[in-house]
Each structure stands twice: as C-alpha cells, then as structure tokens.
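Work through the exercises below with the sequence and the model open side by side. Try each task before reading its solution.

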Amino acid sequence: MGLFGKKNSGNSSRADLSYGDYKGFNQLYAILIAQIDGIIITFNDLFSVHFGYQLAEFDGNLPGIVQLGIVSKETYSAIYTSIQLSEAYSTELQIKTKRGEMATYKLKAAPLPDNKFLLVFDPVRKEKTIVEDANESNKLFMELINQMPDIICFKDGFGKWLLANTADLNLFQLKGVNYVGKTDADLAPFTHEVYRQAFLNCMETDEKCWNEKVISRGDEIIPTPAGEQIMFDVFKIPVFNADGSRKNLIVIGRDVTEHRKTENDLLLAKQKAEESDRLKSAFLATMSHELRTPLNAIIGFATLIFEEEDLSDIREFSRIINNNSNVLLNLIEDIFDISLIEAQQMQIEHHKFDIVKTANEVLEIFPHEIHILDKLDIDLRNLISEKEVFASGDVYRVKQILTNLISNALKFTIKGQVLLKMNNHPDHVEIEIEDTGIGIAPDKIDFIFQMFQQVEEGSKRKYGGAGLGLSISKQLAVFMGGDIKVKSELGKGSVFTLILPKSVKTE
Ligand code: ADP
C-alpha cells in the first residue's frame, strides 16, 4: 500500500513506498512530497481537499511548491536549508488555496531519503472568543427574526419593549425610534395616529394573556394610514420566572388578510348556495300549492257546471272559474317576468307619461277586484288631486307595479283603508299606497323584496301568493331609474312608495 492513493505517473519511481507506514498520518493531514529542488512529486487527497489542486490536472508535470503558491521563496529557502542539514523545519504561515481563500497552517518539513522532503500541513483553527461567539449567535438570531415576514415583539414583564423585528417596526412606522424600555402607551405618540388605538387595545389583550397564564391566539384588525384594514393572527406567549412572576411576553402576528378574505368569500358562497337550495325547495313547494289551488277550483267547478241547471249557480261557478284562471295567468306572467329579469332580457321602455292618468286607470279595475276578493269592508280611496304629472318609465310596467302594490294592500288588510297618495318633487314623483293592514316587522322589511320571501310560513296559506310580486316590482322600478320603499308598523299598516324619475332615463 502506497503513501498516497495517486501517484505522479510522470515519474513513478518518486512515488516511493518505503517511507514507512504513513497510513494514519495520510488520513489526518494534507501532505506533499517534493524533490530538494522544490518540484512536487506527489500530494495526498487531503491536500486536494484543503488547497483545491488535483494531481490529474498537472498531467504528470507537477510544478514547484513556490510556483504553485503553496509557500513563498523565503519559506522554501528555509525548508531547503533545514533539509540540507537533515533537520526538520516547522513554521506557521498563510496559504492561498486554488479557490483564492487564505488559511493559516502549521507547516512541518521533514527530510526524506534520496534528496526528497515531506511537507505536512496542519490547519490552525482560530479559537473564537466567547464574545465573538455571542456576537455571531446574536447576528444570526437577528437575521432570522428580521427576515421573518411575521411581526415579532418581545416585551418584559411590565410591558416594556425589549426587541422588535423589522416587520413589526415597519408596520407601526417605528423605524429609527428608540423603542427599548417603552410600553405600548409610551410608543403610541411615536407612531401614526391610526395605530394608537391598536396599541392601547394591545395592552389590554396583553394583560388578559398574563392573567390567563396561557398562550392566547386571536385575530386583530390593524388599520393602515391608507385606510385599509389588515387582519393579523396574533399569538401572545407569556413567560414566567420560577417564582411565578412575569418575565417576558412574546407577541407574534401573521398577516392573514387575504386568507380571512378567502375564508369569508367561501363562507358567503356556501351560505348563498344553501340559501338558493332552500329557495329552490321553497319555490317548488309554493308553486305546487299555487298551481294546484286554482287548478282544483277550475276543474271542480267546470265539472259542476255540467250538472248544474240553476242559472245563478252556473254564473257563480263561471265567475269562480274565471277568477282562478286569472290567478293562474298572473302566476305564469310573474314566472315569465322573473325569468326575463334573471336572464337580463327584460325590455323596459323609457318615455314620458302622465302618472295621474295611469294611477286612475289602474284604480278603475279595483272595484271589481274588491268584489271578487270579498274585500267590501275596505275603503279604497284615491287622494291624488293633481290633474296631470309627467314621470318617466314604461307605462305598462308602472301599471303592473301599482296593481301589485294595491292588490297586496287589499290582500293584507282585513278592514280599514287603502289610500293612494302622490308627492310631486322637482326631479321625481312618489306614489304612496298606504294601508291599515297587518304590517311588517322591521327585520322583515328588506327580506320581502327577495324572491319567494313571505313574512310568515303560514301567511302563504292564509293570504295566498307566490312571493314574486314585490321582487319583480322592485326590479322593474329600479330598471326605470326609480325604486320602491316601504315603511311599516306591525299590526298598524304599511306604506309602499313607488318612486319614479321625471326625466327620461338614457342608457
Ligand atoms: P305575495 O304577495 O305573492 O306573497 P309579494 O312579493 O307581493 O308576494 O310580497 C311578499 C310578502 O311581503 C308577502 O307575502 C307579505 O308577507 C309581505 N307584504 C307585501 N305587501 C304587504 C302589505 N301591504 N302588508 C303586509 N305585508 C305585505
């Protein structure tokens, strides 16, 4: 077994095997063998590891140790002198590796037979001082916490800041402020005013965390000077001394604004999906009831008419058939309107028309309706005194809305009054339909304008209707540039107001 794994193939006789058993030595140190004239004969693998040179790269023509840059001329000359005297030589020197790094080595030169010598390189590891070690750890630690995107703040047991990372200082605009030893309240004046409340809130949650003696976690909203709100998922970690007194509080917060927004969107989407599922079931239940009731009446009385001979009964049966056919027709028209609105295919005309004339025309059908609906106890009165007032919209659709609002007023009023009033404003006109009916609870006011929404489950049975009229009416009014508003008091009555613009809407 040779001294080194690789031989200088250019002069194999130089790779002498008779230098004794250097095996262990060979694994411990970088070793080089050279001729007395300084030309390198060979070096070991550790030499390659330390200095970066490979035997193979010289292709058998190894340079001198000075040429390679391993030792200076002066050192070589000192080595040469010692070797000539058959003495060992030792020194400490800086060596530049092939990679350009400088490193300190203890160099030992020992003469070998045949005018050769051996160089042993022992790296000098500079012992670090405790201070250097501590500085290095501190640097590493600061590097670590300052690179963290999370905000980190260490406080002492009295809430005074000890250390805050860059993210924390950036967030609260405290860069350059000497925060050490200051509490949140002390620091509040140094930060932007939007953060002041957050600082005071933070002191409260810190105190809560100390009292509960466990790691606390919760979302905290931090406003920004730009008017945004950032949501932080904040951990507070209380650390106690052995005697139970307060030592440190570590506050770590992560910006979860986007995350929470996504969660919220998903939740809303889920609620919407559940709601539309519920509405679908409600639609099917309502529709089957609303279709079956008039159809049963039509089929039943149509059968009876055949057998009936009394003319007045036949007239009554045909009135019932006619009435129920109209209910069916209205329902089908409502469904048709809803599908047009949903498909954004509803065509609305915008032109000037006389709203007083239109309201009167609508009212003309109601004495007949009151009779059919058996609402003879209700006093339906038109209090509109103006001769003519021009509004903008689609007359056909305005009539539909007014018919719906007056029908509802009659439907949900047992006895009393249904009044039609008008408020004429410079840029818009309001038609009010006021009733003394059952009224609507405040929490249901917005809800009744949604499709298939009826105040009470039972009201469907009691009053009939599919819950589409107001939803259609409101959307039609909005298409015309107007709106429908409602004021109501439970048990006292309601006022539905149709608002229409006076100037023609241009799209
Ligand atoms: P429908 O009358 O077919 O139920 P609408 O959409 O017209 O559907 O009305 C929705 C719901 O609003 C009604 O079921 C009722 O609960 C409530 N509502 C509408 N108008 C009145 C009113 N004048 N008085 C009391 N409640 C009303």
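The exercises concern a predicted model, and they go from domains to helix packing, salt bridges and single residues.

**Exercise 1. Domains**

Task: State which residue ranges make up domain 1, domain 2, domain 3 and domain 4, then give the separation of the centres of domain 1 and domain 4.

Solution.
- Step 1. In the domain assignment, domain 1 covers 20–123 and domain 2 covers 130–255.
- Step 2. Domain 3 then takes in 261–344, and domain 4 takes in 347–507.
- Step 3. Taken over C-alpha atoms, the centres of domain 1 and domain 4 are 106 Å apart.

**Exercise 2. A helix pair**

Task: Describe how helix 13 and helix 15 cross, and sort the residues of their contact by character.

Solution.
- Step 1. Two quantities are needed, since a pair of packed helices is described by the angle and the distance between the axes.
- Step 2. Helix 13 spans residues 395–411 and helix 15 spans residues 469–479; their axes come within 10 Å and cross at roughly 145°.
- Step 3. The hand of this crossing is left-handed.
- Step 4. From helix 13, the contact is made by R397, Q400, I401, N404, L405 and N408. Helix 15 contributes G469, L470, I472, S473, L476 and A477.
- Step 5. Sorted by character, the residues of this contact are six nonpolar, five polar and one charged.

**Exercise 3. A salt bridge between distant parts of the chain**

Task: Locate the salt bridge of D184 and K155, decide whether its two residues are buried or exposed, and name the network that includes them.

Solution.
- Step 1. The principle is that side chains of opposite charge can pair when their charged atoms come close.
- Step 2. The side chains of D184 and K155 form a salt bridge with an N to O distance of 3.1 Å.
- Step 3. D184 belongs to helix 7 (residues 184–187) and K155 to strand 6 (residues 151–156). The two are 29 residues apart, and the pair links distant parts of the chain.
- Step 4. D184 and K155 are both buried.
- Step 5. A network of salt bridges links K155, D184, D206, E220 and K236.
- Step 6. For the whole structure, the search finds 25 salt bridges.

**Exercise 4. Salt bridges within one helix**

Task: For the pairs K208 with E212 and D265 with K261, find the helix that holds each pair and the spacing along it.

Solution.
- Step 1. K208 and E212 form a salt bridge in which the closest N and O atoms are 3.7 Å apart.
- Step 2. Both residues are in helix 8 (residues 193–212), with a spacing of four residues, about one turn of the helix.
- Step 3. E212 has a relative accessible area of 42%, so it is partly exposed.
- Step 4. The side chains of D265 and K261 meet in a salt bridge at 3.6 Å, N to O.
- Step 5. D265 and K261 both lie in helix 9 (residues 257–307), also four residues apart, about one turn of the helix.
- Step 6. D265 is partly exposed because its relative accessible area is 40%. K261, at 47%, counts as partly exposed.

**Exercise 5. Buried residues**

Task: Place A34, T97 and A441 in the secondary structure, and use relative accessibility to class each residue.

Solution.
- Step 1. The cut-off for buried is under 20% relative accessible area.
- Step 2. A34 is part of strand 1 (residues 30–35). Its relative accessibility is 0%, so A34 counts as buried.
- Step 3. Not counting residues up to four places away in sequence, A34 touches I39, I40, I41, I65, N115, K116 and F117. The C-alpha atoms of A34 and G64 are 8.0 Å apart, with their positions 30 residues apart along the chain.
- Step 4. T97 sits in the loop between strand 3 (89–96) and strand 4 (102–112). At 5% relative accessible area, T97 is buried.
- Step 5. With neighbours within four places in sequence left aside, T97 is in contact with H50, F51 and Y53.
- Step 6. A441 is in the loop between strand 15 (428–435) and helix 14 (459–463). A relative accessible area of 16% makes A441 buried.

**Exercise 6. Positive phi**

Task: Give the phi values of D59 and Q344 and say where each residue lies.

Solution.
- Step 1. D59 is a residue other than glycine with a positive phi, near 50°.
- Step 2. D59 lies in the loop between helix 2 (45–51) and helix 3 (65–68), and at 67% relative accessibility it counts as exposed.
- Step 3. Q344, also a residue other than glycine, has a positive phi near 55°.
- Step 4. Q344 is in the loop between helix 10 (311–342) and strand 11 (351–354), and its relative accessible area of 72% makes it exposed.

Conventions. Residues numbered from 1 in each chain as written. Predicted model: local features only at pLDDT ≥ 70, side-chain atom pairs only at ≥ 80, totals over all residues. Heavy atoms only, no water. Domains from an automatic or database assignment. Axes fitted to C-alpha atoms, helices over the stretch in contact; angles between N-to-C directions. Left-handed = near helix turned anticlockwise from the far one by under 90°. Contact = heavy atoms within 4.5 Å. Nonpolar A, V, L, I, M, F, W, Y, C, P; charged D, E, K, R; others polar. Salt bridge = Lys/Arg side-chain N within 4 Å of Asp/Glu carboxyl O. Buried < 20%, exposed > 50% of the residue type's maximum accessible area, 1.4 Å probe, protein only.
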